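Student: I'd like to learn how to read a model like this one. Can we start with the contact between chains and then move on to the strands?

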Amino acid sequence: MSSRVFTVNRNVHPGFWPIIIGHWETLKNLFRTLVLRQASTIQYPEQKRDVSRRYRGIHILAARADGTPKCVACFLCATVCPAECIHIEAGERPERTIEKYPVRFEIDLLRCVYCGFCVDACPEEAILMSRENDLVGTSREELIIDRDRLMRRAGLAEHGVGYRPTDHDLRRPVRIEAIEDMKNRYGLNGPRPRR
Amino acid sequence: MKCMIDGREIEVEPGTSIILAAQRLGIRIPHFCWHPDLSVDGNCRMCVVEIEGSSKPQTACSTMVTDGMVVHTDSPQVRKARRATLELLLVNHPIDCPVCDQAGECYLQDQYMEHGLHDARISLDEKVRKRKVVDLGPIVLDAERCVLCSRCIRFEREVTGTNQLGFVGRGDHTEIAAFDNRPISHNYAGNLADVCPVGALLSRDFRFRMRVWFLESTPSVCPGCSTGCNIFIDHRDGEIHRLRPRRNVSVNRSWMCDLGRALYKGAGAPSRLLGARLRSEDDRGMIPVGEALDLLSSRLRDAGEDVAFLASPQATNEDLFAFQSLCDAVSGMLDFRVDDPQDRMAVLEDGVLLRADRNPNTRGCLELGLGRTGVDAIMSACRAGRVKALLLQGPELLRTPAAGIFLEKVPFVAVMAENDEPALARAHLVLPAAAWTENEGTFVNFARRVQRIERAIEPPGESRPRWRLASDLLARLSRPLDATTAWDVFRLASRSTAAFSGLEHVSIGESGLDLDAIKES
């Protein structure tokens, strides 16, 4: 297929109109922003953009009522993770019905691609995602976040829980329980960020 | 005797079961209780097949092939029967796959995905609860996961003869138990976890270490004794997580001992030597391996014929051959029999697999003719001050209590070792050697069977295989060995050794070759 070639004669003076049109656009937007207050930009970081309720932000590790991780260190999230950013070491729990829990659970947030596969893979609904997306650190090590930081997320109340398995699967009470627990603890859907 | 299985004809000898005949055709019949190296029990009912002329499905494990038998392993009747069996086996299963170490190599998981895929009709609350996390020493028992196949009971009865496990209770309360929960006390406990098709019996050592689907398996041979059990080295990212037996009917069948299973720990131990170490007046400093080899080769050259070499029966044939070539290059004294493992080679220690000689390659040393001078002669020469340099392929001699007296007058002792230990302080120069998991080569077991080991992981730090250390020294003595891999060394060895003549690593194969049988054919 051949493409057509245009030749533009740049020696011809374009005249006055293009300048008028250009300035008109500028003035129109100036009026819209200053007088009508309809700007599309927001004052980040004082203002934050409202994101979807299924937003895939920084991970949360859900806790049991006694404060221990809900995770049973089954490694399914580490298996499914396409970025290989989850590192788990399993240990023995005294309760014989649970047996196993993560001694170490680390997510390298710089490697993570926020695909949410870990949330989908988790059989215990122990890993969820929040709507927090502003990730700042001064070193790489700081952004490898460990089990205890994943369980006690400071920004959670502000941003709310993001991507999590839908609770239509009513045959599994464990899922509902976890979501109720998150509601009590952090406010599941969270106060929506003010604009 | 001919029969048809799924429309394919096969000829088998009388007394072959249908499951074995099908296996030979590459048809896998699902099963739990059948094991190729245990007696047939026929209790799990999973292996049922349809035999033309028989109204009901028959178990493939306990039905022998008859002439002209026509078998269908995947007919609607068979599929229905399998599904029903699987659903019954899963009735009281706790479905705790996320915390179960068997997940990934579990017969229940695999066969549910292949033949079941039914919805559960029993809720978790209705299931019969049994004992969980019962400590049986090297084994952890979870009675809820058990499918009551009795493989472990038959293993205890037929292989070790210890009978430590049995069924207790009736109906759906039946469970596996050890008397008084006493720990499994024999040396073959690890096999219980292997024979268990589900997660009821699991290894204490491997518990929660790694999920099995991450592991990569390298075929190898256990270096724990002169039996030479065939094994798989299961590793991930340069770290070994477990050893498990590899079936070889001529050597170890499907078993290996717990002493052998624990051997992976040495290769990853924090005491591994990562560089060469030279003993000097002020301190024992680390030096680059290249520098150490330069030093050693100049010592060997200076010493002339007053050099003694002591090989190790822990080394592979390739290591031994390169070591022997090094000895020939300077025409020194050579032997390998520290503590004389030769006497104990054929002695069975517990009547199952373990042999008194804990070296994998004593036979290989003999085949290569390493027993030349005699250890006593070398020792007396050392004591008389006639040995100017002594090169040890392993630290065995240094560990003997009398070593201090014998080595007093030897001005230069060099040793190749994998792990640091106090005995190494007796040597002047320590060279870091690769462990058996990081080396490739061959071992000859007590019955003259040559078997191959393969490299699972890379040697740590500057350590390198013993044959490589020897060939590096030979290159410095301007007698280079014509070899870049261990298999090249084996080719060289096969040219000069009668027992290995005409052999190559490819012809040895994964299950090894009997040297006596080759000679006859």
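Tutor: Sure. First a cut-off: a salt bridge here is a side-chain nitrogen of Lys or Arg within 4 Å of a carboxyl oxygen of Asp or Glu. Keep in mind that this is a predicted model.

Student: Which side chains meet in a salt bridge at 3.2 Å, N to O?

Tutor: Those of A:Glu99 and B:Arg145. Between chain B and chain A the count comes to three salt bridges. The side of chain B that touches chain A has eight charged residues, six nonpolar ones and no polar ones.

Student: And how many residue pairs are in polar contact between chain B and chain A?

Tutor: Seven, with both residues of each pair at pLDDT 80 or more.

Student: How do I put a size on the interface?

Tutor: People often quote the accessible area lost when the parts come together. Here chain B and chain A bury about 1300 Å² between them, and 60% of that is on carbon and sulfur atoms. On chain B's side, B:Pro98, B:Val99 and B:Phe208 provide 41% of the area it buries against chain A, more than any other three residues. If you'd rather count residues, 14 from chain B and 16 from chain A take part in the contact.

Student: Where do the domains of chain B lie along the sequence?

Tutor: The domain assignment gives 2–89 for domain 1, 97–107 + 119–214 for domain 2, and 276–520 for domain 3. Taken over C-alpha atoms, the centres of domain 2 and domain 3 of chain B are 42 Å apart.

Student: Now the strands. What should I look for in a hairpin?

Tutor: Look at the pairing, then at the turn. In chain B, strand S1 (residues 2–5) runs antiparallel to strand S2 (residues 8–11), and four bridges join them. B:Lys2 sits opposite B:Glu11 in S2(B). Two residues lie between the strands, and B:Asp6 in this hairpin takes a positive phi near 50°.

Student: And how do I read an open sheet?

Tutor: For the side chains, the general idea is that they alternate between the two faces of the sheet in a regular strand. Then read the strand order: chain B has a three-strand open sheet, S21-S22-S23, with antiparallel pairing.

Student: Why is one side of S21 and of S23 left without a neighbour in the sheet?

Tutor: Because S21 (441–444) and S23 (513–514) of chain B stand at the edges, each with a single partner strand. S21(B) is joined by four bridges to strand S22 (residues 449–453) of chain B. Within that antiparallel pair, B:Val444 is opposite B:Val450 in S22(B).

How values were computed
Residues are numbered from 1 along each chain as its sequence is written. Chains are lettered from A and ligands numbered from 1 in the order in which they are written. This is a predicted model: local features need pLDDT of at least 70, side-chain atom pairs count only at pLDDT 80 or more; totals for chains, interfaces and linings use all residues. Side-chain values use heavy atoms; hydrogens and water are left out. Two strands pair if DSSP finds at least two bridges between them. Domain bounds come from an automatic or database domain assignment. Contact means heavy atoms within 4.5 Å. Buried area is the accessible area (1.4 Å probe) that two parts lose on being put together, summed over both. A polar contact is a pair of N or O atoms within 3.5 Å; within protein, one must be able to donate a hydrogen and the other to accept it, and residues adjacent in sequence count only if both atoms are side-chain atoms. Ala, Val, Leu, Ile, Met, Phe, Trp, Tyr, Cys and Pro count as nonpolar, Asp, Glu, Lys and Arg as charged, and the others, Gly among them, as polar.
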